[in-house]
Amino acid sequence: MANEQTPEKRSALDRFLSGISESIFQTKLGVADVQLIGYVSDLMLRFVRIDAVHKMRRNDGRPATEVFQLLCEAERRIGIAKREVHRHIGDVTLFWSGMFPESVRGDGKDSPDQLLDYFQHGKRSYKIASTIEADESRPPCDLLDRLSDQFELCAYGLREIRREIDEAEPGEQLLLS
């Protein structure tokens, strides 16, 4: 589900994230799955905005800001809505465990996320999402299944992307400001 815009219409940040994703996954990790790499690149681009991370809502209308809350919401939904919540759980756990592994244990000492294994719940959620059919505008089931199977590798790839960004020269980091 890579960004389908033509290269001329893609933002500099989109091109940067796509390029660094392709470089890390293909060159360093030996992954040639273009669809998987495109999904990870799109994930980073979507989550540049924190409101995309917290897009799911609880029954009371407030954002579900913890994985535990998202898991509760997934149990309340059916069909495509259930698929989307499980996909979002997979995305959130993959993004945070890959880009910011130091912060995956919840927002504070009273957070129920302290007790969650992000890898386990991310893999499980992608797997569940992969079993619910959807239209062509959503990621295909086989891609979500591969994300479940390759969760650890994708998280490692995201850590490598972050390391690459952190080690970049100061002028190169201006793209992310």
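Start with the salt-bridge network: select R46, R83, E84, R87, D91, D135 and R138, which salt bridges link together. The model is a predicted one, and it holds 20 salt bridges in total.

Within that selection, zoom in on D91 and R87. Their closest N and O atoms are 3.7 Å apart, forming a salt bridge. Both residues belong to helix 5, where four residues, about one turn of the helix, separate them. Are D91 and R87 buried or exposed? Both are buried.

Next, move to R138 and D135, another salt bridge of the network, with the closest N and O atoms 3.7 Å apart. R138 is partly exposed, at 27% relative accessibility. D135 also counts as partly exposed, with a value of 36%.

Now pick R46 and add Y39 to the view. R46 lies over the face of the Y39 ring, 5.6 Å from the ring centre.

For a salt bridge in another helix, select R76 and E73. Their side chains meet at 2.5 Å, N to O. Helix 4 holds both residues, three residues apart, which is about one turn of the helix. E73 is buried, at 3% relative accessibility.

Return to D91 and select F47 with it. The two are 44 residues apart in sequence, yet their C-alpha atoms are 9.2 Å apart in space. F47 sits in the loop between helix 2 and helix 3 and is buried, with a relative accessible area of 5%. Which residues touch F47, leaving aside its neighbours within four places in sequence? They are A52, V53, H88, D91, V92 and F95.

Keep F47 and add F95, W96 and F100: ring pairs join these four into a cluster. The structure holds six aromatic pairs. In the pair of F95 and W96, the ring centres are 5.6 Å apart and the planes stand at 85°, so this pair is edge-to-face. Turn next to W96 and F100, whose ring centres are 5.1 Å apart; their planes are at 45°, so the pair is tilted. As for accessibility, F95 is buried at 7%, W96 is partly exposed at 24%, and F100 is partly exposed at 27%.

Widen the selection to helix 5, residues 79-99. This helix has 21 residues and reaches 30 Å from its first C-alpha to its last, close to the 30 Å expected at 1.5 Å a residue. Of its 21 residues, 17 are buried, so helix 5 is largely enclosed by the rest of the structure.

Then look at the largest nonpolar core, which has 41 residues; L94, L147 and I161 touch the most other members. Among the elements that give two or more residues to this core are helix 1 (12-28), helix 2 (34-46), helix 5 (79-99) and helix 8 (151-166). Centre the view on L147 and show its contacts. Leaving aside neighbours within four places in sequence, L147 is in contact with L36, Y39, L94, Y126 and C154.

End at helix 8. It has 16 residues and reaches 22 Å from its first C-alpha to its last, close to the 22 Å expected at 1.5 Å a residue. Its buried residues are F151, C154, A155, G157, L158, E160, I161 and I165. Which helices do the buried residues of helix 8 pack against? Show helix 1, helix 2, helix 5, helix 6 and helix 7 to see these partners.

Definitions and conventions
Residues are numbered from 1 along each chain as its sequence is written. This is a predicted model: local features need pLDDT of at least 70, side-chain atom pairs count only at pLDDT 80 or more; totals for chains, interfaces and linings use all residues. Side-chain values use heavy atoms; hydrogens and water are left out. Rings of Phe, Tyr and Trp (its six-membered ring) pair if their centres lie within 6.5 Å; planes under 30 degrees apart count as stacked, over 60 as edge-to-face and the rest as tilted. Buried means under 20% relative accessible area, exposed over 50%, partly exposed in between (1.4 Å probe, protein chains only). A charge sits over a ring if NZ of Lys or CZ of Arg is within 6 Å of the ring centre and within 35 degrees of the ring normal. A nonpolar core is a set of buried Ala, Val, Leu, Ile, Met, Phe, Trp, Tyr and Cys residues joined through side-chain atoms within 4.5 Å. Contact means heavy atoms within 4.5 Å. The expected span of a helix is 1.5 Å times one less than its number of residues. A salt bridge is a side-chain nitrogen of Lys or Arg within 4 Å of a carboxyl oxygen of Asp or Glu.
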